[in-house]
Amino acid sequence: MEEKKPKYDLFHVDDPYPEKHYILTDEEKKASKFGKLVFPFPQEHNEVVAEGTDEDYVVNPQAYFRGASQIPGAEFNSSYQIFVKPFFLDRVQHRHKKDEFLVFLGANSTNVFDFDAHIEFTLGKGDEAETYIIDKPTIVRIPAGVYHCPLNFKEINKPVMFMASLMQPMFGGIYDLPDGTTMEMYYNGPRQCKYNEEKKCDACGKCLQEKWDE
Ligand SMILES: [Zn+2]
């Protein structure tokens, strides 16, 4: 039988642009077209831990993608954390304007299905609330507007890789207050303002208006 030869060998293409390799210094970013789309993760450490709680429930430093303040135009932000001890991550029910996805995987780098933990997560509010036990690698979709939490990492026998991804330019949620009103809150991590190094980011949202191609 005649051997079929593909017209193009897409798997063995040489580097087509050897002159255009960028190292991401600020100057090179400015000189490039796509440099704003490539963002090295900063190292993050917890800013707030409840009193009496040890910080060693999670591997530090942690990686977060904070959304459009880091890559202009991104309608997505995500955490990349490894939990090593039980921790009650989120006690307060809330909802978001966009979908959120929660990923729970084993943190064993040679087998993400190596999972031994007991995590409890509630979807819905009041009569329709349902609490799910996560004891195997799982992804949860939380549709826009659906109440969720508490989220409790109750038992961690093997490290868990946790990714919470919200399809919004910045992390934030809508909370019901006891007086019947609602409060929208945003949080952009323990960082300084993009325009004023003296100031801590207060999630004002100004940098969310930036465009990647300007
Ligand atoms: Zn949420």
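**Group meeting talk: two sheets and a core**

Let's start with one pair: Tyr64 stands opposite Ser79 in E2. Tyr64's neighbourhood is where strand E1 and strand E2 (residues 77-83) pair, in the antiparallel sense, over 3 bridges. A word on vocabulary: two strands pair if DSSP finds at least two bridges between them. Helices (H or I, at least four residues) and strands (E, at least two) are DSSP runs, and they are numbered from the N terminus.

Before I go on, some housekeeping. This is a predicted model, so local features need pLDDT of at least 70, side-chain atom pairs count only at pLDDT 80 or more, and totals for chains, interfaces and linings use all residues. Residues are numbered from 1 along each chain as its sequence is written.

Okay, the overall picture. The protein chain has 1 helix and 11 strands, and along the sequence the pattern reads α-β-β-β-β-β-β-β-β-β-β-β. The C-alpha trace spans about 65 × 55 × 30 Å along its principal axes. Of the 214 residues, 19% count as buried. Buried here needs 20 or more other C-beta atoms within 10 Å of the residue's own; 12 or fewer is exposed, in between is partly exposed, and C-beta atoms are placed from the backbone.

Now, contacts. Two residues are in contact if their C-beta atoms, placed from the backbone, lie within 7 Å. Take the contacts with a separation of 6 or more: residues 24 or more positions apart account for 65% of them.

Back to E1 and E2. What is the order of the strands in their sheet? The order is E1-E2-E9-E4-E7, an open sheet of 5 strands with antiparallel pairing. Strand E1 (63-65) and strand E7 (138-142) are the edge strands, each pairing on one side only. On average, neighbouring strands here are turned by 10° against each other, direction ignored. For those angles, axes are lines fitted to C-alpha atoms (for helices, over the stretch in contact), and angles run from 0 to 180 degrees between N-to-C directions.

There's another open sheet, with 4 strands in the order E3-E8-E5-E6, and its pairing is antiparallel too. Strand E3 (87-90) and strand E6 (130-134) each have a single partner strand, so one side of each has no neighbour in the sheet. In this sheet the average turn between neighbouring strands is 15°, direction ignored.

Let's walk across that sheet. E3 and E8 are joined by 3 bridges and run antiparallel, and the bridge partner of Phe88 in E8 is Asn152. Further over, 5 bridges join E5 to E6, again antiparallel; there, Ile119 stands opposite Ile134 in E6. E5 and E6 form a hairpin with 6 residues between them, and Gly124 in the turn has a positive phi of about 90°.

While we're on E5, have a look at Phe121, which is found in that strand. Is Phe121 buried or exposed? Phe121 counts as buried because it has 22 C-beta neighbours inside 10 Å. Leaving out residues up to four places away in sequence, Phe121 touches Thr131, Tyr132, Ile134, Val140 and Leu151.

Next, the inside. A nonpolar core is a set of buried Ala, Val, Leu, Ile, Met, Phe, Trp, Tyr and Cys residues joined through C-beta atoms within 7 Å. The largest one has 21 residues, and among those with the most contacts inside it are Phe83, Phe104, Ile119 and Phe153. Strands E4 (100-106), E5 (117-123), E8 (148-156) and E9 (160-166) each supply at least two residues of this core, with E9 giving the most, 4 residues. Phe153 touches Phe83, Pro86, Phe87, Leu89, Ala117, Ile119 and Val160, not counting residues up to four places away in sequence.

Last bit: the oddities. Most residues other than glycine have a negative phi, and most peptide bonds are trans. Now look at strand E8, where Cys149 sits. Cys149 has a positive phi of about 85° although it is not a glycine, and the peptide bond from Cys149 to Pro150 is cis, with omega near 10°. Cys149 counts as partly exposed because it has 18 C-beta neighbours inside 10 Å.

Another cis bond runs from Asn60 to Pro61, with omega near -5°; Pro61 is in the loop between helix H1 (26-31) and E1. And Ala203, in the segment after strand E11 (182-186), has a positive phi of about 60° without being a glycine.

That's me done, so grab the structure and find Tyr64 opposite Ser79 for yourselves.
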